[in-house]
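The exercises below ask you to work through a structural model step by step, with a solution after each task. Please have the coordinates open while you read.

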There are 2 protein chains.
Amino acid sequence: MFEKYWQQMGDKATVVIPGWQHISYFSDVTNICWFLEPKFAKEVVRVHKAVGNAVTEDRHIVVGTGSSQLYLAALFALSAHDLPEPVSVVSEAPFYSSYPSMTDCLKSGLYKWMGDARSFNKDGAYIELVTSPNNPDGHIRRSVVNKSEGILVHDLAYYWPQYTPISSPADHDLMLFTVSKSTGHAGMRIGWALVKDREIARRMTEFIELNTIGVSKDSQLRAAKILEVISDSSERAGSSEEGESFFEFSYHLMSERWKLLREAVEHSGSFSLPEFHPGFCTFLNRVSEPQPAFAWMKCERDIEDCESFLQGHKIFTRGGEHFGFGTEYVRISMLDRDDNFHLLVKRLSAIHI
Amino acid sequence: MFEKYWQQMGDKATVVIPGWQHISYFSDVTNICWFLEPKFAKEVVRVHKAVGNAVTEDRHIVVGTGSSQLYLAALFALSAHDLPEPVSVVSEAPFYSSYPSMTDCLKSGLYKWMGDARSFNKDGAYIELVTSPNNPDGHIRRSVVNKSEGILVHDLAYYWPQYTPISSPADHDLMLFTVSKSTGHAGMRIGWALVKDREIARRMTEFIELNTIGVSKDSQLRAAKILEVISDSSERAGSSEEGESFFEFSYHLMSERWKLLREAVEHSGSFSLPEFHPGFCTFLNRVSEPQPAFAWMKCERDIEDCESFLQGHKIFTRGGEHFGFGTEYVRISMLDRDDNFHLLVKRLSAIHI
């Protein structure tokens, strides 16, 4: 959906890679994460500084093949390899629907998915995933398990100005980000982790070594270029001579879509959406609205299986049960292509029960 | 080490990716492997046809973040998820040193490394990895476990004309290839599997979905371009007007290096190397020499720990014990940069015990 912005940017966002360059496995052997392209690392630091959404000082950067791989790398790095039992992995419901299957797909003896963090009451070590703003419901999250042996992983894929007001730079031990949500370039498969502890960063790197022997250099270079354009455009913001900043552009796009969705839902009268409070965004330098990448919609009027109900109206969503929640909820993507999104709101607004 | 060839190719091998292109997760939703770029798939088929090293008819192509990820995807796809015990994974020693750690790093309940295929005598299902030509010793391999419940994975990373005579197109159920060894572009992290069974291809795709939600599009596009140049150069071979084919170039490079290494070993008198038989190469259309990507060198004269011994002479290798073999052996990379390789042979030839 951010395609138009990148078309406007033209050659500025184009990457050119000759056949003889960037051939080797290695990017920087002096770095713990030896396959991290220095140019990409530089642009990660720069974009966080420009946006003000995360502390990068005294952090190790680990690059991953999307943040999925970094999530798995974090589980590997944070679990004790000499314990007889796997460490518990929990997250408050509704949680990202892929967490359970990603965690348990190999039946690992190191970690095990234990579901909703709210009902978790096992003793011993655990890893709590805090996705904020949350996928699927868009709310700001904090850890909810209040025990001493917990380790937190913060998935901040959506902590960008187009989705939520940036209140202050996030400052956690292990934070995950991805270009697919920040810039829209999902096909690059590039994510990064900001990691406080050197040994954890080393073990995450070790996992990625065992998993894929590093991360595509081509995509790291392209991601560096894209982030560079975003930082350039953000630093120019206000001087407006060269067009909007990326985040102004994408904020307005999200804003328009949420307006259309809320109108459709109101018109239909059969559904409800979460309400959010506006907040001051230090990046936009004004009060801004939360407008998540997903809409967590509830079917009202006794519709028990909202996903099937909507499917009957040719609206394709993901049912609440995948997110550890009730089937009266569904997740709607707000990031689809224009045509699809407009078809969605049209069909939704026509439903009257 | 193939850098020079790619420099000679100039712009022909350059890839240009504008900021607005190849943004989405999806490449081809009609394909089982929905993140496979059609252009890359086309060039994979073409290069195998040009080289004659693998059958691609009636095969599904699954792309991976290097062949490492495809190896893990194969284990996931080939193991039964409802069995109480993990399936055994074996390979004849000396085997690729990363197989044990890649297989066991997550203590999976699906599969378990059981070491040397020669001494494997457990009943029930097993997966046998056949690396041919073999890493580290360069020999042509066949499966060695002779039981009914085995499934074979053929790692054919080195089955290319610069390393070994191509005798006939490989025609196995599950074959793995990678650009890092065929073209030298390790930093791309692109591999591919040729898979006979549709369901196995689907499950491998599922694993990659859970692991990294697809594979870098940028690298797939770049790999397509590089393979295109290789196929072009191979089809032109003989007409020689536009310079050597890639495989002629790399064959001569490998040949020169093996000559230098054998001279150094002979001069030193303290080591021995495997001997290979020349064979007819259907691609080069003449008898060619096996000249593996690694040299599997033995320390003679009662040196028990060859790796440490060589380290004392500033020669860095990987000891035989990592490959399930004796410490009197080491693996030497034949693919290092020119400077490093020449330093290696110089230092080696100066050792006299």
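**Exercise 1. Decide whether Cys105(A) is buried or exposed, and then find out which cysteines are paired.**

Solution. Since this is a predicted model, the accessibility is a value computed from predicted coordinates. Cys105(A) has a relative accessibility of 16% and, because buried means under 20%, Cys105(A) counts as buried. Cys281(A) is likewise buried, with a relative accessible area of 0%.

Next, apply the distance criterion, by which a disulfide requires two cysteine sulfur atoms within 2.5 Å. The count over all chains comes to two disulfides. In chain A the bond joins Cys299(A) to Cys306(A), with an S to S distance of 2.1 Å, and the torsion about this S-S bond is about 65°, so the disulfide is right-handed. Cys299(A) and Cys306(A) are both buried.

In chain B, Cys299(B) and Cys306(B) form a disulfide, with their sulfur atoms 2.1 Å apart. Here the torsion about the S-S bond is about 65°, so this disulfide of Cys299(B) and Cys306(B) is right-handed. Cys299(B) is buried, as is Cys306(B). Cys105(A), by contrast, is in no disulfide, as the nearest cysteine sulfur, that of Cys105(B), is 12 Å away.

**Exercise 2. Determine which rotation superposes chain A on chain B, and name the relation between the copies.**

Solution. Chain A is superposed on chain B by a rotation of 180° with 0.0 Å of shift along its axis, and the RMSD is 0.0 Å. This is the relation of a two-fold axis. The copies use the same surface, in that 100% of the contact residues of chain A recur in chain B.

**Exercise 3. Classify the packing of H2(B) against H7(B), and then that of H3(A) against H6(A).**

Solution. Begin in chain B with helix H2 (residues 38-51) and helix H7 (residues 217-236), which pack at an angle of about 25° with their axes 9 Å apart. Because angles under 35 degrees count as roughly parallel, H2(B) and H7(B) are roughly parallel to each other. Their crossing is left-handed. The residues that meet include Phe40(B), Val44(B) and Val47(B) in H2(B), and Ala223(B), Leu227(B) and Ile230(B) in H7(B).

Now turn to chain A, where the axes of helix H3 (residues 66-78) and helix H6 (residues 198-212) come within 8 Å and cross at roughly 120°. H3(A) and H6(A) are therefore oblique to each other, and the crossing of H3(A) and H6(A) is right-handed. Among the residues that make the contact are Leu70(A), Ala73(A) and Phe76(A) of H3(A), together with Ile200(A), Met204(A) and Phe207(A) of H6(A).

**Exercise 4. Describe the surroundings of Val89(A): in which strand does Val89(A) lie, and which residues does Val89(A) touch?**

Solution. Val89(A) lies in strand S3 (residues 87-91) of chain A. With a relative accessibility of 0%, Val89(A) counts as buried. When residues up to four places away in sequence are not counted, Val89(A) touches residues including Tyr71(A), Leu75(A), Thr103(A), Tyr111(A), Trp113(A), Met114(A), Ile127(A) and Leu129(A). As a last step, consider Ser349(A), which is 260 residues from Val89(A) along the chain, and note that the C-alpha atoms of Val89(A) and Ser349(A) are separated by 39 Å.

How values were computed
Residues are numbered from 1 along each chain as its sequence is written. Chains are lettered from A and ligands numbered from 1 in the order in which they are written. This is a predicted model: local features need pLDDT of at least 70, side-chain atom pairs count only at pLDDT 80 or more; totals for chains, interfaces and linings use all residues. Side-chain values use heavy atoms; hydrogens and water are left out. Buried means under 20% relative accessible area, exposed over 50%, partly exposed in between (1.4 Å probe, protein chains only). Copies are superposed by least squares on the C-alpha atoms of residues with pLDDT of at least 70 in both. Contact means heavy atoms within 4.5 Å. Axes are lines fitted to C-alpha atoms, for helices over the stretch in contact, and angles run from 0 to 180 degrees between N-to-C directions. Helices (H or I, at least four residues) and strands (E, at least two) are DSSP runs, numbered from the N terminus. Angles under 35 degrees count as roughly parallel, over 145 as roughly antiparallel, 65 to 115 as roughly perpendicular and the rest as oblique. A crossing is left-handed if the near helix is turned anticlockwise from the far one by less than a right angle, and right-handed if clockwise.
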